[in-house]
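Hi,

Here is the two-chain file I promised you. Have a look at it first, and my notes follow underneath.

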Amino acid sequence: MTVDHAPPDISAKSGAATLAAPVGPALEPVVPAASRGGRLRSVPRWLRRTVGPLVLLALWQVLSSTGVLSPDTLASPGTVARAGADLIGDGTLPSAMAISLQRVAVGLLIGGAAGITLALLSGLSRLGEDLIDATVQMLRTVPWVGLIPLFIIWLGIGEAPKVALIALGVAFHLYLNVYAGIRGVDAQLVEAGQALGLGRWGLVRHVVLPGALPGAMTGLRYSLATAWLALVFGESINADAGIGFLMNQAREFFRTDVIVVCLVVYAFLGLLADAVVRTLERLLLQWRPTFTGQ
Amino acid sequence: MATDLHGPVTTMATATPDAVRVEGLTRSFDGRAVIDGLELTLRSGEFTALLGRSGCGKSTLLRVLAGLDREIEGTVLVPKRRAVAFQAPRLMPWKRVWRNVLLGLPGKPQRAVAESALEEVGLGHRSGAWPKTLSGGEAQRASLARALVREPDLLLLDEPFGALDALTRIKAQQLVAELWQRRGCAVLLVTHDVDEALLLADRVLVMRDGVIAHDTPVGLDRPRTVGAPGFAGLRSRLLTELGVEQPAAPSL
C-alpha cells in the first residue's frame, strides 16, 4: 500500500535517513529468524536441555565441599556417585531396578488395558457413558494412596498390592484422557466420514481413534508419572526387594548417599519413560498442525 | 451407502432419468419447519445451483440429500453413489492426502486410484503430503478429488468455494465446470453467490420459506462470462427473488 502513495523521488531520500523523519513513519528492520538470538540458539537443543540439571549439580557440589551441606543431611555428589558405583558393582541396584521395572510394566499393562477399554466403551457409546462414566468419575475422586491399607488386607503383602496400586493410578489417567480425546473429535470430520460411506467400525477406526490419539498420549504421560509415584508408595510398604526396599534399608542406616542414588534412579527411569513417550508422539502425531515453540 | 439403513432416504432403481426425486419433504428443528413440504426433481447429468439467503434451509436440504440428516418426513429418492464436498475441506489431518481420497471406498483400492483422481484436480504431486501442508485451494481440490473418486451419480457441493480467496475461487469454479463436463454426473451446488450460480449451472433454484420458490433454466452458452448477453437480466431477476433491492439501472 505504501508503495502506491510513495512520492516518486524515493532514491533521493533513501540516502539521507535522518532527513526522512517528517515524511513517513520510522522504519525498523525485520530481522530474519536465522540471525536472531545469537550464540545460545546455535547450540544443539539436546545440549541446551542439559544446562539446567548441570547447574543444579554444580551448586550441590559447591555447597557440599564448602561444608554448608553436612554429609548427614545430604551426601555430596561424589559420595553419591561412589555409592552408586558400589551398588551397581555388587549387583544390588540392577536386581532392584529389574524388580521395580517389572512391577511398573505389569501395572501399566493391566491399568492401561482397563483404562483404555473403559474409555472406549464410554467414549464410543452413549449407553456406555451412562453406565461407566459416572462411576469412574466418582471413584477417581477417592485418593488412591488411601487405598493402600485395603489393598494389603485384600491382596496380602506380596506383589499383588503394589501392582494393583500402579494399575489403579494408571487406569484413571488413561481413562480420563482417552475419553476426553474421543469426545473431542471434530464432529465435522465424523460427518465427513459418514458422507464418505464409512460404517460404524470404519468411523471408529479411521476417524475417532486417530483423533483421540493426542489425548491418549497425554494420558500415557500422566499415567507413567503416576506409575512411578505409585511404585514409590507401593514399595515403601513391606517390600523385600526393589528400589523402594533399598531406600527403606538405607533410611535405617542413615545412608543419605544410597537414598539419593535411589532417587536418581527413579528420576532416570522417569526421564527414560518420558523419552519413550516423546518418541511415540513424534512418530504417531506428526500430522498434527500445532505450535511447536520458536 | 444408504441402502441398508431404514431411514426414509431410499435408493432408487438405476437407469432412471431423474437423479433426485423429493416429495413432500419436511424437516423441523424444535417445531420450526426449515424445509416445509418441499418438492424437487433433479435430472441426471444436470448442473443445478441452489440459491437462498443465509438460514433458508439450503444446506439442510443438501444434508438430507447426502443422507446425513434423517430426521425427516416425506419421500427422498437419491442415487446410491453420491458424494459431498463441504465448505471446509474436512480432510482427516492424520491421513496423508491419498489415504484421505481413498477413505471409505469399498475393498482395498490402490494408491494409483487416488493418484489418478488427484491428477484430475491438478494435485498429483501432493499425493503423499499431510493435509496441514496444503494451501486452502489445494485442500479444497483434495476434497473434490475425494468426492470424484467415488464416481458419483450425484455430486453435492455445499458452498465449496466459500472459504477460498477470489483468485483461487475462479480457478476452482473452472475446475468444477470441467470435471462436471467430463464426468456427466448430476451436480447440486449450494451457494449464495448469484454470479457463481449463473456461471456454472444449467438450472438455478431459489429456496425460500422452506420450499423451492423459484426455478429457472439458464440458457446461456458455455463457456460463460459475467458480461454475456442475458446474464445481467437473469442476475437481477434472481437477486429480486432473493430479496435484494438493486439500483434502478445497472450500468454494464
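**Chain B: the annotated domain**

In chain B, residues 20–234 are 31% helix and 29% strand, and the C-alpha atoms at the two ends of that span lie 25 Å apart. Helices (H or I, at least four residues) and strands (E, at least two) are DSSP runs, numbered from the N terminus. The span comes from UniProt, where an unreviewed entry places the feature "domain: ABC transporter" at residues 20–234 of chain B. UniProt positions are given in the numbering used here, feature names are shortened, and annotations may be inferred rather than shown by experiment.

Some housekeeping before the rest. This is a predicted model, in which local features need pLDDT of at least 70, side-chain atom pairs count only at pLDDT 80 or more, and totals for chains, interfaces and linings use all residues. Residues are numbered from 1 along each chain as its sequence is written, while chains are lettered from A and ligands numbered from 1 in the order in which they are written.

**Two residues in chain B**

Is Thr48(B) buried or exposed? Thr48(B) counts as buried because 24 other C-beta atoms lie within 10 Å; the cut-offs are 20 or more for buried, 12 or fewer for exposed and partly exposed in between, with C-beta atoms placed from the backbone. Thr48(B) sits in strand β4 (residues 47–52) of chain B. Not counting residues up to four places away in sequence, Thr48(B) touches Leu42(B), Val187(B), Leu188(B), Ala201(B), Asp202(B), Arg203(B) and Leu205(B). Here, contact means that the C-beta atoms, placed from the backbone, lie within 7 Å. Thr48(B) and Lys95(B) are 47 residues apart along the chain, and their C-alpha atoms are separated by 32 Å.

Gly24(B), in strand β2 (residues 18–29) of chain B, is exposed because it has 12 other C-beta atoms within 10 Å. Its contacts, leaving aside neighbours within four places in sequence, are Gly37(B), Gly74(B) and Thr75(B). From Gly24(B) to Leu103(B) the C-alpha distance is 34 Å, with their positions 79 residues apart in sequence.

**Chain A**

Chain A has 14 helices and zero strands. Buried residues account for 28% of its 294 residues. Of the chain A contacts between residues at least 6 apart in sequence, 72% join residues at least 24 apart.

An unreviewed UniProt entry gives "domain: ABC transmembrane type-1" for residues 93–277 of chain A. That span is 85% helix and 0% strand, and its end C-alpha atoms lie 25 Å apart. The "transmembrane region" annotation, also from an unreviewed entry, covers residues 104–127, 139–157, 163–182, 228–246 and 258–277 of chain A. Residues 163–182 of chain A are 100% helix with end C-alpha atoms 28 Å apart; residues 258–277 of chain A are 100% helix too, with ends 29 Å apart.

How do α7(A) and α10(A) cross, and at roughly what angle? The axes of α7 (residues 92–124) and α10 (residues 159–183) of chain A come within 6 Å and cross at roughly 35 degrees. Axes are lines fitted to C-alpha atoms, for helices over the stretch in contact, and angles run from 0 to 180 degrees between N-to-C directions. The contact of α7(A) with α10(A) has 21 nonpolar, seven polar and four charged residues.

Ala164(A) lies in helix α10 of chain A and counts as buried because it has 23 C-beta neighbours inside 10 Å. Beyond four places in sequence, Ala164(A) is in contact with Phe151(A) and Leu155(A).

**Cores and the A–B contact**

The largest nonpolar core (buried Ala, Val, Leu, Ile, Met, Phe, Trp, Tyr and Cys residues joined through C-beta atoms within 7 Å) has 104 residues, and those with the most contacts inside it are Ile166(A), Leu65(B), Ala145(B), Leu156(B) and Leu188(B). The largest share of this core, 15 residues, comes from α10(A). A second, separate core of 15 residues includes Ala75(A), Leu246(A), Val261(A) and Cys262(A).

Where the chains meet, the contact takes 17 residues from chain A and 14 residues from chain B. On the chain A side, α11 (187–195) and α12 (200–235) each supply at least two residues, and the largest share, seven residues, comes from α11(A).

Note on methods:
Contact = placed C-beta atoms within 7 Å. Nonpolar A, V, L, I, M, F, W, Y, C, P; charged D, E, K, R; others polar.
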